[in-house]
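Student: Mind if we go through the side-chain contacts in this one together? I'd like to start with charges and rings.

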Amino acid sequence: IDVTKECLYFKTRLFDMHELLKNNPSLDYFPIVRLLDDGEAVLVASMSRHNVDRVIAMLDPHGTNPEAAVDLMDPELQRPSDGGHPLVDGCPPHVPPSTTVKEVYLMMRVAHGENVIY
């Protein structure tokens, strides 16, 4: 993965999100990364193409403010207060508090192979 061309930075601009969609028409999911001092990056989350479009439409419906800053680690994007679907998938996976232990167990062992779920 080319971090500069195929990833979103966790603090980005609407313009950068739009450019990423335009320049990568074949990608359906985009990693969200935090850059390190040595030029490497750490994966902190991911977003689907559809959700990138939704965030752009929510924050700038008329396309008049492409320089608007976006913090993709905003808790409202990962766990919406209205109970809606998350726009950003955090690492490790998150579940709503109402999720049963059985459902979490199945996520951990079958669906994701995860050891930790918040």
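Student: Which ring does the charged end of Arg-34 sit over?
Tutor: Keep in mind that this is a predicted model. The charged end of Arg-34 is 3.9 Å from the ring's centre, and the cut-off for that distance is 6 Å. The ring belongs to Phe-10.

Student: How many salt bridges are there in the whole structure?
Tutor: Let's go through them. Arg-13 pairs with Asp-16 at 2.7 Å, N to O, and Arg-13 also meets Glu-67 at 2.5 Å. Then Glu-19 and Lys-22 meet at 3.1 Å. The search of the whole structure comes to three.

Student: How many residues apart in sequence are the parts that Arg-13 and Glu-67 tie together?
Tutor: Arg-13 lies in strand 2, while Glu-67 is in the loop between helix 3 and strand 5, so the salt bridge links parts well separated in sequence numbering: 54 residues apart.

Student: Is Lys-22 buried or exposed?
Tutor: Lys-22 sits in helix 2, three residues from Glu-19. Its relative accessible area is 51%, and the cut-off is over 50%, so Lys-22 counts as exposed.

Student: Which helix gives the most to the largest nonpolar core?
Tutor: That core has 20 residues, with Leu-8, Met-17 and Leu-72 among those with the most contacts inside it. Helix 2, strand 3, strand 4 and helix 3 each supply at least two of its residues. With four residues, the top contributor is helix 2.

Key. Residues are numbered from 1 along each chain as its sequence is written. This is a predicted model: local features need pLDDT of at least 70, side-chain atom pairs count only at pLDDT 80 or more; totals for chains, interfaces and linings use all residues. Side-chain values use heavy atoms; hydrogens and water are left out. A charge sits over a ring if NZ of Lys or CZ of Arg is within 6 Å of the ring centre and within 35 degrees of the ring normal. A nonpolar core is a set of buried Ala, Val, Leu, Ile, Met, Phe, Trp, Tyr and Cys residues joined through side-chain atoms within 4.5 Å. Buried means under 20% relative accessible area, exposed over 50%, partly exposed in between (1.4 Å probe, protein chains only). A salt bridge is a side-chain nitrogen of Lys or Arg within 4 Å of a carboxyl oxygen of Asp or Glu.
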